[in-house]
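Here is a short tour for anyone opening this model for the first time. Keep the sequence and the 3D view side by side as you read.

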Protein chains: 2
Amino acid sequence: MKIELNSPLDMHLHLREAEMLKLVAPFSAQSFAGAVVMPNLISPVDSLQKIKDYRNAIMTACGKENFEPYMTLFFRSYKRTELAAAKEHIIGVKLYPAGITTQSEKGVKDFDSIQETLHIMEELQIPLLIHGESNGFVMEREREFLTVYQEIATNFPNLHIIMEHITTTAAIEFLEKYENVSATVTLHHLMLTLDDVVGDLLQPHLFCKPIAKTPADLQALRQAVLGGNRKIMFGSDSAPHPRHKKECVGCAAGVFSSPVALPLLVQIFEEEDCLDKLQAFISDNARERYGITPLEKRLTLTDTPWQVPQAYGDVRPFYAEKQLRWSIS
Amino acid sequence: MKIELNSPLDMHLHLREAEMLKLVAPFSAQSFAGAVVMPNLISPVDSLQKIKDYRNAIMTACGKENFEPYMTLFFRSYKRTELAAAKEHIIGVKLYPAGITTQSEKGVKDFDSIQETLHIMEELQIPLLIHGESNGFVMEREREFLTVYQEIATNFPNLHIIMEHITTTAAIEFLEKYENVSATVTLHHLMLTLDDVVGDLLQPHLFCKPIAKTPADLQALRQAVLGGNRKIMFGSDSAPHPRHKKECVGCAAGVFSSPVALPLLVQIFEEEDCLDKLQAFISDNARERYGITPLEKRLTLTDTPWQVPQAYGDVRPFYAEKQLRWSIS
C-alpha cells in the first residue's frame, strides 16, 4: 500500500545550530518540502543579518535536498524599517513569553509594551507566531494565556496570529472565535497525555513544553485534527536535545520527532480511517492560512515496517526502539 | 535557638534491602525513634519469617542507634493463623493496588477478593495501610480511589485504615468523615506541586508517586498539617533510588528525604509560626492513632546552617546542594 503526500510542511520546527543543526536538519529536509524554523537560538535570531546567516547554515546542513526553511524573527520591539526590510526573508515573528521554554529568556515580559510592533506587523502583513503559555500552574498555562490571545486577536483583526503547539480543549474552542487566528498541533500532542510523561516511570524524552495534558484534551485535539479543522496546521515542534541534557538532574523540554513524523501521522490517520484529511493537515491548510506556495515535492510512504533506532547521534528520538508500520520510500 | 522533639516517628518509610539498606537506614535511625517500614521489596515481605529476617537486617544496618522498625506485611490473602502469629511482630498490613508504584506488581488486582482478609484484620485489630491510587489519569488517581477507601471504612468500622501519603484537598476532606481513618503526609508533598516536577526543567529527583498535585492541593495539605489536624501523622515516604535509576530513559518514582526531614519540617513549621504543632505531627498523633509507645529518644535541632550534599553514596537526596537552616545536634 502507498500513501502520497504533496509537499508536506512542518509549520513549527527547532533546527538548533552548529553540530546539532547538521545532525537534525537532514531529517526534516528528507520528509518535508519546507518548515517554519524557530528563532530561539542561544543568541536569538532577531535581525535580518542573523536571519540570512541562519538560513545559509540551514541550507548547508540540508545538503542537496529540495527544502525551504521559512525563517522567523525572535520577537522584540522592532522599528518599521527593520520589519519592512526583513519581510521578504521571513514568514513571521515568533513571540515567547520570557522564560517559558528553552532559550526564551529574552522573550516578552510586559505585554503592554508590544503594541507598537504589533501595529507595524499588522500593517506589513507579517504573521505573529506565539508560544501561548502563562507563568501559572503548568496544567493551566495555555488556558490562562487565552486572554492574551483574545486581546491581540481583537485589537489587531488584520494580523494573522498562530497559536503554536496547542494542547487543550480550551484552545481548540478559542480557535473558532477569530478568523485571524490559526493553530499548529504537534505529533506528540496527538499521542500523549500527562500519564505518558509521569504516570508510570518518568519519561524525560516525552517531556515537552507545553506539557501533554489530560485524556479529554487529547480527545479534543484528535477530533479537531482528524476531523479536518482547516485552521489547524501540522507543526512538529521537533526539538532535539543531547541525551545528557535529557537524562540528568534538570531535564530540558523537547521531543525530537522529525525522523518519525510522517510515518506516525500516516499511522494515526489510517487507524482513525481519515487518511483523506491528512494532506490538508500536513500541507494545504498551511498554504491557505499563510498564503504560501511550497516547493514541489512528492513524498511516498509504503507500509514497510521498520524499527526506530535508539538514538540518532546523541539524540534519542520519539518512538525510539519501537516498530513503525510506515516508511518513507 | 533550639528545638526539642520527643521521639519523632516516621510513619511511612522505604528502607530497601542489601547495600541500599545499609546506606540509608542510619539516616532514619539518627533522626527518628522509630519508623513504619514498607514491605515492597523485590520479593515482597509477606510472611512472618520474612518480617523477622528483614527486621534483623534493618537492626544490623542501624548499628547502635536506639531505633524501632515498625514492620508491615505486604497485603495478600492471609489466613487467620498467619495474621494471628504475625500480629506481635507487625504494626499493620500494607496494601498496594497492583502496578501502582515501585515493586507493587504483586499488589491487589481485585478489591472484591480482599474482604475475608480485611475481616480477619479487623477482628485481630491489625491496621490497614493503603497506597490509595486508582489506575486512572495521574492527577485524579487519589480522588478516584476515595470510593475504595469509603467502602472499606464503611464495611469495616473497627478496622484502622491509614491513607498513606495523601496529596489532595479531596483526601483531606474525606479524612474527616470516618473516625477509623487516619492519614500520613510526606515532607515533599508539603513543599511541592506538579510545577516543581515538570513546570520548569524536568526534575526526576522530585518525581514520586503519588505525583505532587496543584497549588490548591498543596495549600489544603499545609493547612491541615500546620493547623494541627490530629488524624494526620508524618510519614516521609523517603524512597531512595540510585542515580542511574533516576537520571535515565524511564525514571523510578521516589524522593529520598530521610537526611533532611527533621531540619526541613522545623523550617516549615517555624516559617508558618506553628512550631507548637510539630510535636503532634511528628510523634504524638501516631501514638494516639496507632496506640503505640515509642522508644524514648530526644532530638535537638539548632539553627546552624548546613549544605545538603549532592549525594549520599549513589543517591541524590531531597534538597541536594541547598542550604538548610536547622541542624540535628
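Is B:Asp46 buried or exposed? Before answering, a word of caution: this is a predicted model. In that model B:Asp46 counts as buried, because it has 20 C-beta neighbours inside 10 Å and 20 or more is what it takes to be called buried. You'll find B:Asp46 in the loop between β3 (34-37) and α2 of chain B. Leaving out residues up to four places away in sequence, B:Asp46 touches B:Pro39, B:Leu73, B:Phe74 and B:Arg76. Another residue to look for is B:Thr72, 26 residues from B:Asp46 in sequence and 8.6 Å from it in space, C-alpha to C-alpha.

**How the two chains meet**

Now zoom out to both chains. Chain B can be laid on chain A with an RMSD of 0.0 Å, using a turn of 180° and a shift of 0.0 Å along the axis. That is the relation of a two-fold axis. If you want to find the axis from chain B, look for B:Glu247, whose C-alpha comes closest to it of the residues of that chain, at 2.3 Å.

How many residues of chain B are in contact with chain A? There are 23 of them, and they meet 23 residues of chain A. Helix α7 (residues 194-199) of chain B gives the most to this side of chain B, with five residues. By class, the side of chain B that touches chain A has 16 nonpolar, five polar and two charged residues. On top of that, 100% of the interface residues of chain B are also interface residues in chain A, so the copies meet through the same surface.

**Two helices that cross**

Two packed helices are described by the angle between their axes and the distance between the axes. In chain B, try this on helix α1 (residues 18-31) and helix α2 (residues 48-62): their axes come within 8 Å and cross at roughly 70°. α1(B) and α2(B) are therefore roughly perpendicular to each other. On the α1(B) side of the contact sit B:Leu21, B:Lys22, B:Ala25, B:Pro26 and B:Ala29, and they meet B:Ala57, B:Ile58, B:Ala61 and B:Cys62 in α2(B). Sorted by class, this contact has eight nonpolar residues, no polar ones and one charged.

Over in chain A, the axes of helix α1 (residues 18-31) and helix α2 (residues 48-62) come within 8 Å and cross at roughly 70°. That makes α1(A) roughly perpendicular to α2(A).

**Inside the core**

Which residues touch the most other members of the largest nonpolar core? Out of its 206 residues, A:Ile161 and B:Ile161 do. Not counting residues up to four places away in sequence, A:Ile161 touches A:Leu128, A:Ile130, A:Tyr149, A:Ile152, A:Ala153, A:Asn180 and A:Val181.

Next, have a look at A:Ser182, found in strand β8 (residues 181-185) of chain A. A:Ser182 is buried, with 25 other C-beta atoms within 10 Å. Setting aside its neighbours within four places in sequence, A:Ser182 is in contact with A:His160, A:Ile162, A:Lys231, A:Met233 and A:Arg289. From A:Ser182 to A:Gly132, 50 residues apart along the chain, the C-alpha atoms are separated by 13 Å.

**Backbone oddities**

A few spots in the backbone are worth a click too. In chain A, the peptide bond from A:Lys209 to A:Pro210 is cis, with omega near -5°, and A:Pro210 lies in the loop between α7 (194-199) and α8 (215-226). In chain B, a cis peptide bond joins B:Lys209 and B:Pro210, with omega about -5°. B:Pro210 has its place in the loop between α7 and α8 (215-226) of chain B.

Two residues of chain A have a positive phi although they are not glycines:

| Residue | Phi | Loop in chain A | C-beta neighbours inside 10 Å |
|---|---|---|---|
| A:Arg16 | about 55° | between β2 (9-13) and α1 | 24 neighbours |
| A:His165 | about 35° | between β7 (161-163) and α6 (169-175) | 25 neighbours |

With 24 such neighbours A:Arg16 counts as buried, and with 25 A:His165 counts as buried.

Key. Residues numbered from 1 in each chain as written. Chains lettered and ligands numbered in written order. Predicted model: local features only at pLDDT ≥ 70, side-chain atom pairs only at ≥ 80, totals over all residues. Contact = placed C-beta atoms within 7 Å. Helix = DSSP H or I, 4+ residues; strand = E, 2+ residues; numbered from the N terminus. Nonpolar A, V, L, I, M, F, W, Y, C, P; charged D, E, K, R; others polar. Least-squares fit on C-alpha atoms with pLDDT ≥ 70 in both. Axes fitted to C-alpha atoms, helices over the stretch in contact; angles between N-to-C directions. Parallel < 35°, antiparallel > 145°, perpendicular 65-115°, else oblique. Core = buried A, V, L, I, M, F, W, Y, C linked by C-beta atoms within 7 Å. Buried ≥ 20, exposed ≤ 12 C-beta atoms within 10 Å, placed from the backbone.
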